[in-house]
Amino acid sequence: MRRCFDHIDLRVPDLAAATPFYSALLPALGFTRKMEIEGWLQYEADSAGITEFFGVTESTEHRPNENRIAFRAASVAEITRLAEIAAAAGARNMEGPMHYEQGYHAVFFEDPFGNRLEICHRVPA
């Protein structure tokens, strides 16, 4: 399958404080920690060869905005499981899991710094 993105670099104001949250969430989403890069928490997708990755780094002046990163779930049950992991890891302002619209189930939440995230499952309406 053709990849639609290469990587996401997310900024947080405190990398040490963000590490427990993303170390719990990203592996549950199918990323595995493979890269050790100073100043980064970086996880690659569980796939052979060059694959997409999700990196988190510190930018002390970072302020969250209205952007949102959405991750795909294989099923509605998977959304529920991942929502529980996100909540246990410290997600804030959780909405759902819920049936959002025809063929679209999701949970919306923020990381500990206010960066907006989503886990969703879509099927043809």
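The expected span of a helix is 1.5 Å times one less than its number of residues. Keep that handy for the second stop.

Before you click: this is a predicted model, where local features need pLDDT of at least 70 and side-chain atom pairs count only at pLDDT 80 or more, while totals for chains, interfaces and linings use all residues. Residues are numbered from 1 along each chain as its sequence is written, and side-chain values use heavy atoms, with hydrogens and water left out.

**Stop 1: the sheet**

Helices (H or I, at least four residues) and strands (E, at least two) are DSSP runs, numbered from the N terminus. Two strands pair if DSSP finds at least two bridges between them. Strands of a sheet pair through backbone hydrogen bonds, either parallel or antiparallel.

Select β5, β8, β7 and β6: in that order they make an open sheet of four strands with mixed pairing. At the edges sit β5 (68–72) and β6 (92–101), each pairing on one side only. Now zoom in on β5 and β8 (residues 116–122), which pair in the parallel sense over five bridges. Colour R72 and you'll find C120 of β8 opposite.

**Stop 2: helix α2**

Next, select residues 76–89. This is α2, which packs on the sheet and touches β6, β7 and β8 (contact means heavy atoms within 4.5 Å). Try your distance tool on the end C-alpha atoms: they are 20 Å apart, which agrees with the 20 Å that 14 residues should span at 1.5 Å a residue.

Which residues of α2 are buried? Show I79, L82, A83 and A86. Buried means under 20% relative accessible area, exposed over 50% and partly exposed in between (1.4 Å probe, protein chains only). An α-helix has 3.6 residues a turn, so residues three or four places apart point the same way. The buried residues of α2 cover an arc of only 110 degrees around the axis, which puts them on the same side of the helix; the arc is that of the directions from the helix axis to the C-beta atoms. Their cover includes α1, β6, β7 and β8.

Spin to the face turned away from the buried side, and the exposed A77, E84 and A88 come up. Just after α2, G90 takes a positive phi of about 110 degrees.

**Stop 3: a loop**

Finally, go to T51, in the loop between β3 (40–45) and β4 (53–58). Is T51 buried or exposed? T51 counts as buried, because its relative accessibility is 5%. Show the side chains of T51 and E52 too: a polar contact of 3.1 Å joins them. A polar contact is a pair of N or O atoms within 3.5 Å; within protein, one must be able to donate a hydrogen and the other to accept it, and residues adjacent in sequence count only if both atoms are side-chain atoms.

How values were computed:
Axes are lines fitted to C-alpha atoms, for helices over the stretch in contact, and angles run from 0 to 180 degrees between N-to-C directions.
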